[in-house]
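Please explain how the strands of this structure pair, how its two chains meet, and how far the coordinates may be trusted.

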Amino acid sequence: MSTTIRFGSDGTRVQQPRFRGSLFRHVITGLLLAGLAPGASGIAQQNAVAVPGLAGKHALGAEDVGELLLGELMCHACHAGLATRETSRQQGPDLTDVGARIAPEYLVRYIADPAGTHRGTKMPSVLHAEPAARRQEIATAIAAFLIDRSPHRFATEAIAAEEAAAGETLFHEVGCIVCHSPRRPALPEGKMPSPNRGQVDLSVMRQKYSLESLSDFLYLPSRIRPSGRMPDLGLSKAEARALASALIGVGPDRGSAATPSTERVDEGRRYFVAYRCSSCHALDNVESERPRIVISTSTGGCLSASASDSPRYALDDAQRDALAQSIAAPERTVSDEQQIDWTLTAFNCFGCHERGQSGGVSPELDPYFTTSEPELGDEARLPPPLTGVGAKLRGDWLREVVFGSGSVRHYMHTRMPRFEEAALGSLPERLGRVDDIEDFPMPIPEGKEANRLRDGGRELLGKPGLSCISCHDFNGKPSAGFAGIDLVDTAERLEPTWFARFLLKPQSFRRGTVMPEYWPGGVAVQPDILEGETEAQIQALWNYLAQGRTARDPVGIRGEPSVLTVTDTVSTYRGRSRIAGFRGIAVGHPGGVNFAFDAQNGSLAAIWLGEFVSVNWSSQGAGDFNPRSRPIELARDVAFVRLESPDAPWPLRPQTSKEKPVNPDPIYPRQHGYRFEGYAFGEGNVPTLRYRSGAVRIEDRCEADPSSDPPRLIRHLRFVSPEADALTFRLLAGAIEARSKSVSEVSGLRLRVPDVPTRLRRSSESEAELLLELALPAGELLLRIDYEILR
Amino acid sequence: MKSCADLVLRCTLGALLLSATAATQDLGSRWGTAEREREYYRVVKLPTPEGAVIEAGAFEVLPDGRIAVGTRRGDIYLLSGVDEAKPDPSYDLFASGLDEIFGIAHRDGALYVTQSCELTRITDQDGDGRADRFKTISDAWGYENYHEYAFGSKFDPAGNLYVALGLSESYHSRALFRGWVLQVTPEGETIPYASGLRSPAGIGPNEHGSLFCIESQGPWNSSCSLKAVRRGGFLGHPVSFNWYRFAPSMGAAPQQPESGSRVLREVERIPELVPYAVIFPYIRMGRSISGFTVDRTGGSFGPFENQMFLGDFTLSLIMRATTEQVKGVWQGACYPFREGLSTGILNVAFTPGGNLVCGGTNRGWPVRGRLPFALERLEWTGEMPFEILRVSIRQDGFDVEFTQPVDAKTGRDLNSYRLGTFTHIYHAGYGGPEVDQTIPEVKAVRLSADRRTATIVLDELIRGHVYELDLGALRSKGGGPLLHQHAYYTVNEIPD
């Protein structure tokens, strides 16, 4: 037995595995059987630890690779004296509820033989020295212990084919294939990419997970794996479930797992402690003292293919060599650039992004990267390069992109994952420190000069100008051409110098970009704006964009008006409007008969046919509504009054003017007994408007009859009066033409009124009021009025 | 008293720095603390359903734990799952077609919703999850002009609701009770309650249960402020005096204040005038402060239990405030809390899980946050920030409480406590400069036994001044600097 690890030489207390005094016996036995232990000789290369970033295009030398592997394998969990790098701050998966997350059979198999069960796993075998039967026994006990202390139990659920199909699409679109092998060709007739040893194997998902546990993991990976190698792809719950369905796959029912025996729980706990599982795995109230073993050799111990008393990692020769080189190397200080390289490799940022000579989407995976805006070229589907990104993005935006949900490329199907701050917190800062760009003067002037530049910028951005808005949205308003990045928050995201340098030479930042060069050789192609001065034009664009959302829209871009449409039920909308006052209510019936009610005064204010309303939700718009076609407008004065005498003038609503803007009669029409009391939806969401005139309650409901000729609105009024009462109802005012006792017309509207005392009261030669004298009994009175819409 | 030249110099430097760093919208510089704030309070985005525009203007937590969100577009959504580790809430559209919602209160299964046009009791009578009955509770105010917003409170213990009404076009009072606070009783009666608002943006109780509202900078308001709403009170802007004749219970209109004076000087003449309780120095502490709430989370939001949290629309940030009553007058302090939210904040609320949900829009006015609308959750990471917990007044200075014990050396060093003061001109002009600056002398500092409170003795306290504390040199017991080194205390009265 060649001992390659010295215990406790650094003076720290070391707890050696001690268990029933038999562990060492088994170790010895294991030694004798070393040749038979899993992977003991000539580790099967295809089982070797998978680190996706190391299989890609990175710039690390063997020593750096070793340093990175020390972190990935969590060597620090047991070993003292290793420099703690950012990329080393790892923890193993949280085992708190592992009994609910992972199928019991799988758990046993995996503990007994990690790499043999899950190809590429980073978990070492701690039982490799035990004979197979004993391995199984210990693994079963540990599993029983873990399952016993899990609050929930593992249960499978049927996979829906439809969800699985949606999940397959997500898998190949959002970016999973960068670290995991694609499951189908990018194109229907295409070839499968060749397998890549760096990719993390997903073939065990069906044996390992339940739909629920895998969905939960995909939804929020950091809850289980806090180190963030598996990042959060911003999946919604439904997406996570779909993706999990795809990974587990449709198949025969796997049945519910048998509840494991609890007999061996205590034993399992002791094994868990003895084998120091908690060095890597957080588990409440289970701590085995972390050994602090100083590495004294770069070939033995965990790196040995035959040592039996250390955990055995599935390493290939190159990995072993790299680790050995790194361990043997003298301690060194790490530059920002080096740490950036490690981080971008460890988290496989290079799988999607180029930075300098490193990284970028591999040619085989390239066809999997797609976009909804193919006309914008490759940059619409391939994640942007990180070359110089620290000089490109403002620090707070860069943090938002890496740790938050900052994203502007809505057309790109691949998603930028959200990483854990604890895992790579200093990356943005380091990028900011090392990346630099040639200076460009970018003054922020004030007063007239500011206005000159902003106006110039607005002109350049719009049409004709440089017509940036042909390919870029602006302030949420769509470009007439391609839906390129919305420019409105440019200054919130970008550094001004980078912006200027990018405009001057877009191709030098992104080969093949569709972004045109408007200042070739430093000469402006647009000679008329700001006298064609290159510097002034670029400064102008920046100064204009720096206004953010307060910037006036560039010429040529137009917001779509918000249109409310009526579908199969009635739509009721409250808002101010020219036709119904500030307390307006618009009501649209299916079939295109619409009206507006002025709830301030209690009057039917307008009727129109066709589409319902557009509403103003742009800028400060309070949602004011406008009919989509020309309405028939009616008088908006209070409609029900107790007139003092038959000749008493009708109380008209107060008018204000520019000269006299203050409401001269602010309690109108309350002093005439009117109160609005709201509305209730009935069948088909038809609103019944409720109001009062004194003690009389009025319910006002309109039905539409769009198919009659002419189309009509049928108004049902219900009066409920505690005692006999009399009300005058001013049904119409204006240029009324009485066709008969019961039929009157006014501006395109024909009214049929019921048989109640009615009089037409002339207010001028051309104007009149149609007054209905309502004698209300104690109790209820019903009235129906038909509004026939003639135009 | 020292000369105020030092402060003037600091202010000038501040202004220079500001113009150099204000790269974008002239919104004013950031606090610059966002990166450190993240360690203690995380901003977590609440995804919204595709296609839905949710410009939150009001929140209410329902008895079943769902959160009702009322929007500028007039929708009410009921949200479940807001407190989940990674939230993906479900949104049930409860009502739509309403008119700019800035208040929701729940009682007995009904939502009392303040829209611009009225206060409405909204219920679902047939139990299908969609509102079907909209009963007008009060519309006893004029609504006839641009910028006439209405903000509604929650119920007070007696069952009253309060509505704060902005002026017409933000300058005038052209329709009934614009610029007033109205009380709506459980019986549905509407009672004029106080006059003199300009452009309120939130109304509700302070941490002691007394009614407050937030006011925006403008005429007669040199800065945003928290105002105590006293029955019969006049809250500072006299343009709405024309409605006293419609409010007999309020008595005669107060005397006109004199433009160019100081608030406390006018209080001597005008007993109805309520001094502004907490002044938020303009830009340093918000530019258009909006909805506020009180932390009653029992500590799950960190150390600020029983303090007020306020959002700011323009700067997309959250601030804190504490108040106390001295000689019957409300006053208190405000503190920076968290910047870097994604949109203009219109309102905030604590969730059942003890997180602060913040929402709003950046539509219509300049806003730092880049998203057209957003719902976000502020959550405490569990790490204890080193913060000024509370500033309260003493007869000869202030007690400054901290969230962690302070380091003995810097804590006892008089130079760790830099103070400046100013007041505002009380005038009809829009906004106003900080004037009458002084630099008070710190004569003594005492630390409490647990070193969590520093008692500062000053040479003089001046009524009507805002005391700006800068404790940048102070260190915690662990050696770290304050997360936010500033606090601003408005002195209206001095205890005996």
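In this predicted model, strand S2 of chain B runs antiparallel to strand S3 (residues 67-71) of chain B, and 5 bridges join the two. One residue pair illustrates the register: B:Ala58 has B:Gly70 in S3(B) as its bridge partner.

This pairing belongs to a wider arrangement. An open sheet of 4 strands in chain B follows the order S2-S3-S4-S5, with antiparallel pairing. At its edges lie strand S2 (56-61) and strand S5 (90-95) of chain B, each of which pairs on one side only. On average, and with direction ignored, neighbouring strands of this sheet are turned by 25° against each other.

Attention may now turn to the boundary between the chains. Here 40 residues of chain A are in contact with 41 residues of chain B. On the side of chain A that touches chain B, helix H20 (490-493), strand S7 (571-574) and strand S15 (674-681) each supply at least two residues. The largest share, 6 residues, comes from S15(A). By character, the residues on this side of chain A divide into 18 nonpolar, 13 polar and 9 charged.

S15(A) also takes part in strand pairing across the boundary: with strand S9 (residues 133-138) of chain B, S15(A) pairs in the antiparallel sense over 3 bridges. Within S9(B), B:Arg133 stands opposite A:Ala680.

Confidence remains to be considered. Chain A has a mean pLDDT of 88, and 92% of its residues reach 70 or more. Over residues 1-43 of chain A, however, the pLDDT is below 50, although this stretch has 79 contacts in the model beyond near neighbours in sequence. Where pLDDT is low, the predicted coordinates should not be read in detail.

Conventions:
Residues are numbered from 1 along each chain as its sequence is written. Chains are lettered from A and ligands numbered from 1 in the order in which they are written. This is a predicted model: local features need pLDDT of at least 70, side-chain atom pairs count only at pLDDT 80 or more; totals for chains, interfaces and linings use all residues. Two residues are in contact if their C-beta atoms, placed from the backbone, lie within 7 Å. Ala, Val, Leu, Ile, Met, Phe, Trp, Tyr, Cys and Pro count as nonpolar, Asp, Glu, Lys and Arg as charged, and the others, Gly among them, as polar. Two strands pair if DSSP finds at least two bridges between them. pLDDT is the predictor's confidence in each residue, from 0 to 100. Axes are lines fitted to C-alpha atoms, for helices over the stretch in contact, and angles run from 0 to 180 degrees between N-to-C directions.
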